[in-house]
Amino acid sequence: MKIKIAQFLSIIGHPLLLFFFLILFFNLGQEKAAFSNTLSIVFGLFSLVLISWVYIGKRRGKYTDLDVSNKKQRKSLYIFVIPLMVLTLIFLMYTNQPKHIVTSFGLATLLLLVSFCINFYIKVSMHVAINIYLALAISKVNLELGVLLGAFTIVVLWSRLVLKRHTPKEVVLGFVVGFIFGTALLFV
């Protein structure tokens, strides 16, 4: 039963799935002005491209799971996603998107770049890093949702340990990396 709960939490806590939830939240909620339809389309396309990349990689045997939990396999994911993020960031700047959106996406890109560099030594839990980063980012716009997402990140951290996708050091490292970049965003 514990494993099934951990699997469920890990799936709903997947950064890309969570990202779709946040896009929906911002488009339906009172924060709609902070997140335009253009941004929803851009981030939606970004997420679909990334999900497709991982799914195709899994089907072809390049990745053993959809989380890309294997440290060596994750290298190719970083090599794909970081340039994709840089291109998206350039597009956001070119189309004069709101400064806070460009800044948060820029810091998320740096978060992934730092995680890629750390990956040569130890695997960072991207579930935890991205979730805590998003929790802090969201708290700038909606404090209650940010706090809720922060608490949910702890549950996701637990699920990653139960599923043995990460060691305690890897989830703590993910939390620290996400927290550093999320805190930086709060002060920018």
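Helices here are DSSP runs of H or I at least four residues long, numbered from the N terminus. In this predicted model, helix α8 holds two phenylalanines, F175 and F179, that sit four residues apart and so are separated by about one helical turn. Their ring centres are 6.1 Å apart with the planes at 10 degrees, so the pair counts as stacked. Neither ring is tucked away completely: F175 is partly exposed at 26% relative accessible area, and F179 is partly exposed too, at 41%.

That pair is one of five aromatic pairs in the count. Another of them joins Y78 and F116, with 5.5 Å from centre to centre and 55 degrees between the planes, which makes it tilted. Y78 belongs to helix α4 and F116 to helix α5 (residues 99-118), so this contact ties together parts that are 38 residues apart in sequence. Here both partners are on the inside: Y78 is buried, with a relative accessible area of 3%, and F116 is buried as well, at 16%. Add F120 to these two and the result is one aromatic cluster of Y78, F116 and F120.

Turning to the backbone, two loop residues stand out. V68, in the loop between α3 (37-59) and α4 (71-94), has a phi near 50 degrees, a positive value in a residue other than glycine. K164, in the loop between α7 (143-162) and α8 (168-186), also is not a glycine, yet its phi is positive at about 60 degrees. Their surroundings are another matter: V68 is buried, with just 1% relative accessible area, whereas K164 counts as exposed at 70%.

How values were computed:
Residues numbered from 1 in each chain as written. Predicted model: local features only at pLDDT ≥ 70, side-chain atom pairs only at ≥ 80, totals over all residues. Heavy atoms only, no water. Buried < 20%, exposed > 50% of the residue type's maximum accessible area, 1.4 Å probe, protein only. Phe/Tyr/Trp six-rings, centres within 6.5 Å; stacked < 30°, edge-to-face > 60°.
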